[in-house]
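Q: I'd like a close look at one part of this model, and then a walk outward from there. Take your time and keep it friendly.

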Amino acid sequence: MLNWWLRAILSIVIWPGLLAGAVSGWFLLWMSRKFIAQLQGRQGPPLYQPFFDFWKLVGKKTIIPKGVNRFMFFALPVISLVSVVLALALLPVPGGSAISFEGDLVVLIYLLEMPVLMDILAGYVTRSVYAQVGATREALLSLAYNLPFLSALIALALRLKTFQLSNFSAAPISIATVVVAAALFLALLAQLKVNPFSIPNAEQEIVAGTYIEYNGLPLALFELTHALELSTLVGLIACLFMGPFASIWLKLIIFLLVAAVVIVMVNVVAAGTARLKVQHAFRFYWTWGVAASVLVFAAALLL
Amino acid sequence: MSSIFTKLINLSRRRSPWVYRINAGSCNGCDIEVAPCFSPRYDGEQIGAILQGSPKHADILLISGPITLRTRDIVKDVYQQIPSPKAVIALGSCPASGNVFAGSPTIVGSAEAVIPVDLYVPGCPPRPQAILEAIQMAAKLLEKGETRSQKEAQNA
């Protein structure tokens, strides 16, 4: 029992939790920025850039806007960081997480929803008009992209007749896996808030979205949450493809390879498109998202 | 342990200067010269610089123009919104001397009279290379703790 607790804590803090998630999240963020810079004919930032950005923000003084509840101002980023770390710890990465039980998929979905809720609250709590616009947009968008996201995961769960994530990563690759990954990818664009769905954080347009009044340590925590969210969501897609491989190293290679491919695809879309209006994005997800959901259920249950 | 931590944060300050710019009655010449700093030719992202939309996220304030009377209080306000440690760069001749507007009754004519300026970039307008060099120098000042706001905080 004690041994299990130790391994669970290791899962949360090191692999696949906070440490591995932060390192891989920062690496993936750097990769995104570098790749987009290269597409635009620029050199792009050095490798350690997201790491330095984080520590610089930690070292800055925090200004709390007048009339904002001090406790709320700090609690929101902490809650979203903790929930995304726990979500990451549930991920069935190569080597496996110690925390695995029937129904952990449902917990993962709930935990992944927390940062979004905290973002929306942050927008309203900081009393900035721009942040409120950002929060409204994020709330609307979350009603849209969750459709293909949830359908894909539920369809796969129905196919495998389990809600346990470790069975997801052990399942063989089929056409259904590819369709599920495609539907998850569709949702991923809006979850990561990249173009054409960079609507909630729309820089230049509504200044900086929900984080506009955030600075110093709380902003650093939000940035770290974003990096971890990136690792979790990309990792979730990558997990689907390592079923048929026996050796742990081969699994790890496939895992990283799929993650890299997903990031490159996300950034090709991000660099090649312009921002949509929120109503267009909403319509996009309720037409193509519905189409993807139908396809996912058909592929998962019939094939 | 705490010294390693301090070193890491100081290094990060040099490697990640985020920039906020404010036009205090400038003719827009200096502001146009800031844009190419982040374009493919000069690419400020190589030294970690990013243009930020909110002063709350910035480390370095770029100020252009002769500080008209109408913008004076806004400049002060924006400066105070930047969380310390922070650096201020004055772009071009206007915030240094008032330039061709010197002696006008509608301008302050000197950024120094409103906020503590760390670096002046000469030129009307300055070249993008010079602006990028100033950003890099300001980032180094932030690392060493030698910007004027940091020194004032130490002495106080």
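What do the buried residues of α1(B) pack against?

A: Keep in mind as we go that this is a predicted model. The buried residues of α1(B) pack against two partners: α3 (49-58) of chain A, together with α5 (128-144) of chain B. Which residues are these? They are B:S12, B:R13 and B:R15.

Let's check the helix itself. Helix α1 of chain B covers residues 2-15, which makes 14 residues, and at 1.5 Å a residue they should span 20 Å. The C-alpha atoms at its ends are 20 Å apart, so the expected span and the model agree.

Since one of those partners belongs to chain A, let's look at where the chains meet. There, 28 residues of chain A are in contact with 17 residues of chain B. On the side of chain A that touches chain B, the elements giving two or more residues are α3 and α9 of chain A. The largest share comes from α3(A), with six residues. Sorted by class, that side of chain A has 11 nonpolar, 10 polar and seven charged residues.

Now follow α3(A) back into its own chain. It packs with α2(A) at an angle of about 115°, and the two axes are 8 Å apart. From α2(A) come A:W26, A:L29, A:W30 and A:R33, and they meet A:Q49, A:P50 and A:F51 in α3(A). The residues of this contact divide into five nonpolar, one polar and one charged.

Just before α2(A) there is something to spot in the backbone. Most residues other than glycine have a negative phi, and most peptide bonds are trans. The bond from A:W15 to A:P16, though, is cis, with omega near 5°. You'll find A:P16 in the loop between α1 (2-13) and α2 (18-39) of chain A. Another cis peptide bond joins A:N195 and A:P196, where omega is about -5°. A:P196 is in the loop between α8 (175-191) and α9 (216-239) of chain A, and α9 is one of the elements we met on the side touching chain B.

What about phi? A:K161 isn't a glycine, yet its phi is positive, near 55°. This lysine lies in the loop between α6 (129-160) and α7 (165-170) of chain A. A:K161 counts as exposed because it has 7 C-beta neighbours inside 10 Å, and the cut-off for exposed is 12 or fewer. Over in chain B, B:D43 also has a positive phi, about 45°, without being a glycine. B:D43 has 20 C-beta neighbours inside 10 Å, so it counts as buried; the cut-off for that is 20 or more.

B:D43 leads us to the strands of chain B, as its loop runs between α2 (29-34) and β2 (50-51). Strand β1 (residues 18-23) of chain B runs parallel to β2(B), and two bridges join them. In this pair, B:V19 stands opposite B:L51 in β2(B). The chain gets from β1(B) to β2(B) by way of α2(B), and this β-α-β crossover is right-handed. β1(B) also has a parallel partner in strand β3 (residues 60-64) of chain B, joined to it by five bridges. There, B:R21 stands opposite B:L62 in β3(B).

How values were computed:
Residues are numbered from 1 along each chain as its sequence is written. Chains are lettered from A and ligands numbered from 1 in the order in which they are written. This is a predicted model: local features need pLDDT of at least 70, side-chain atom pairs count only at pLDDT 80 or more; totals for chains, interfaces and linings use all residues. Helices (H or I, at least four residues) and strands (E, at least two) are DSSP runs, numbered from the N terminus. Two strands pair if DSSP finds at least two bridges between them. A crossover is right-handed if, with the strands pointing away from the viewer, the path from the first strand over the helix to the second runs clockwise. The expected span of a helix is 1.5 Å times one less than its number of residues. Two residues are in contact if their C-beta atoms, placed from the backbone, lie within 7 Å. Ala, Val, Leu, Ile, Met, Phe, Trp, Tyr, Cys and Pro count as nonpolar, Asp, Glu, Lys and Arg as charged, and the others, Gly among them, as polar. Axes are lines fitted to C-alpha atoms, for helices over the stretch in contact, and angles run from 0 to 180 degrees between N-to-C directions.
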